[in-house]
Amino acid sequence: MRTHTRRAVLGAGIAAAGSGLLAACSAGSDPAGNGHSGHGKPAGTPGGYVSPDGPEVAAAEAKRGSGPVRKVALTATAARLDLGGRSVATWAYGDELPGKEVRVTAGDTLELALANHLPEATSLHWHGLALRNDMDGVPDLTQRAVKAGGSFTYRFAVSHPGTYWFHPHSGVQQDRGLYAPLIVEDPKEPLAYDKEWVVVLDDWVDGVDGSTPDAVLAELSKGMGGMDHGSGGMGHGAHSMGGREEPSPTGPSRMMMGATSKLLGGDAGDVAYPYHLVNGRTPQDPQTFRARPGDRVRIRFVNAGGDTAYRVALGGHTMTVTHTDGYPVTHAPADALLLGMGERYDVVVTAKDGVFPLTALAEGKKRTALALLRTGGGAAPDASVQPDELDGRLLTADRLKADGSVRLAPREPDRTLRFDLTGSMAKYDWAVNGKKYTPDQRYPVRAGERVRLSFRNNTTMWHPMHLHGHTFALPDGGPRKDTAIVLPGRRLDVDLDADNPGLWMLHCHNVYHAESGMMTVLGYRK
């Protein structure tokens, strides 16, 4: 259980250390968004682009400073895990699910030694961190993959506090047990709270009745034939899964049909997961978090799922939303939150007396995950409990405003890059601007620019779009985020300050959409 007793700490929060402050601005345009050049070698500098280990990256890292070194050892290995009444063979970090939390303080240097005991190559991506590019963990782009039996040490300055997590960027490994929270504490924490609860949500299929994520991808990659769940007719290429041949599907069919959600604009997901977990536990044997009546509890939510949005609520309580994706927002009350894959939210609640369900509804999939908050006596609720708060005041990112400490004065964009999200369930040919991902793709930016990313979702599925190494601002003073939901048929414009040189992935955080091709690269020009 991840429980941290905290004394009430007052003071001003760190405001965006080591990174630019963002705000939405009025429209600008630049057609230079479709360039592709180079050979995609991890340490290369194709076509005049900054190399992941180039001097520009080193200079940006030097500006972040070098604080106390926090050393961590991590092993990726095959493991048998108890999910709570169900034992599964999977891959994990050690023998825990989620993997053991890594906790540092903003200003520290993290040095993590990864030992790969898996039967195939792997990597580690630090989701949400603005870090040095050669530590971002993307094989064939920022580093060479960590081979089976090999090791790699990630070392970088951690400049900004917040709720983050880490996972592989290798095939569909993330949809096994390879994920863990990364909490960066604020040395000048402005929030006052007594306890902290890290809540990691996940959809689970690996090791259940012979299923694996690779087999799920192989099944999905065949498409639904005439059952078109999208648009954007493109060629359908063979799927390589990072150079490996597709496995033959094992276990029962996991393709989901008929899952719909008004919140998500229609089709809710591709995969029918047999289990949904909170902190690695099924609803039949949930984690119990203990506090005292009246305690102020900070809950850090992370959606580590592969294909599921979660609507979360704590029965009998109102949540005060304080952060999303690591950055502070103007505090807002909510009964329920919607988290797409990769998104994080921090909330504070004042615990009541009794036992209360923390329920995560798999949006559109008619399944739930569960944990319990216990501050007193009483019987635990049933595993299928759905508190009324799930249908109360629902807060989504577009309804939040960035805290003034992390908001820039408006600025016209120097460059606008358009990203049409294309593909369909019929062909399972997800892509960006009609082009499946290859490591040599480049959408050019230059250091110092205000860049607008204009997403146009031309499909009938929602896509949580994630940018590595940066945060962007949602429109009209909205929150700073690194992952944002783009609804079907909709356009979303977000602005960022180009302040972290390198080659940075931009992709859908549905792991199956990404691995089938819905990824591309922002590249800093020299």
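This tour moves through the structure one selection at a time and states what is found at each stop.

**Before starting**

The model is predicted, so local features are given only where pLDDT is at least 70 and side-chain atom pairs only at pLDDT 80 or more, whereas totals for chains, interfaces and linings use all residues. Residues are numbered from 1 along each chain as its sequence is written, and side-chain values use heavy atoms, with hydrogens and water left out.

**The whole chain**

Display the full chain as a cartoon. It has three helices and 34 strands; these are DSSP runs numbered from the N terminus, helices being H or I of at least four residues and strands E of at least two. Of its 526 residues, 63% count as buried, where buried means under 20% relative accessible area, exposed over 50%, and partly exposed in between, with a 1.4 Å probe and protein chains only. Contacts, defined as heavy atoms within 4.5 Å, often link distant parts of the sequence: among those between residues at least 6 apart, 78% join residues at least 24 apart.

**Select residues 69-82: strand β2**

Strand β2 covers residues 69-82. Two partner strands may be added to the view; strands count as paired if DSSP finds at least two bridges between them. With strand β5 (residues 109-117), β2 pairs in the parallel sense over nine bridges, and T77 has H117 of β5 as its bridge partner. With strand β3 (residues 87-93), β2 is joined by seven bridges and runs antiparallel; here A76 is the bridge partner of Y93. β2 and β3 form a hairpin with four residues between them. In the turn, G84 has a positive phi of about 105 degrees.

Now centre on A78, which lies in β2. Which residues does A78 touch, leaving aside those up to four places away in sequence? They are T90, W91 and L118. The C-alpha atoms of A78 and T90 are separated by 5.8 Å, although the two residues are 12 apart along the chain.

**Select V208: a loop residue**

V208 is found in the loop between β10 (195-204) and helix α2. Is V208 buried or exposed? At 2% relative accessibility, V208 counts as buried. Not counting residues up to four places away in sequence, V208 touches R86, V88, R254, P274 and Y275. A89 is 119 residues away from V208 in sequence, yet their C-alpha atoms are 8.3 Å apart.

**Select residues 213-221: helix α2**

Continue along the chain to α2. Nine of the nine residues of this helix (residues 213-221) are buried, so α2 is largely enclosed by the rest of the structure. Among the buried residues are P213, D214, E219 and S221. To see what they pack against, add α3 (511-516) to the selection. α2 is followed by G223, whose phi is positive, near 75 degrees.

**Select the sheet that contains β26 and β31**

This open sheet has five strands in the order β26-β34-β33-β28-β31, with mixed pairing. β26 (443-445) and β31 stand at the edges with a single partner strand each, so one side of each is left without a neighbour in the sheet. Neighbouring strands are turned by 25 degrees against each other on average, direction ignored; the axes are lines fitted to C-alpha atoms, for helices over the stretch in contact, and angles run from 0 to 180 degrees between N-to-C directions.

At the β26 edge, three bridges join β26 to strand β34 (residues 519-524), and the two run parallel. P444 stands opposite G523 in β34.

**Show the second largest pocket**

On a 1 Å grid over the protein atoms alone, a pocket is an open set of points with protein on both sides within 12 Å along at least five of seven lines, and lining residues have an atom within 4 Å of a point. The second largest pocket has a volume of about 530 Å³, a volume being the space filled by probe spheres set on the points, which are joined across faces, edges and corners.

It is lined by 24 residues, of which T396, A397, D398, I485 and L487 lie nearest its centre. The elements that give two or more residues to this lining are β31 (483-486) and β32 (491-497). β31 gives the most, with three residues.

Definitions and conventions: 1 Å grid on protein atoms, 1.4 Å probe; cavity = no way out; pocket = protein on both sides within 12 Å on 5 of 7 lines; lining within 4 Å.
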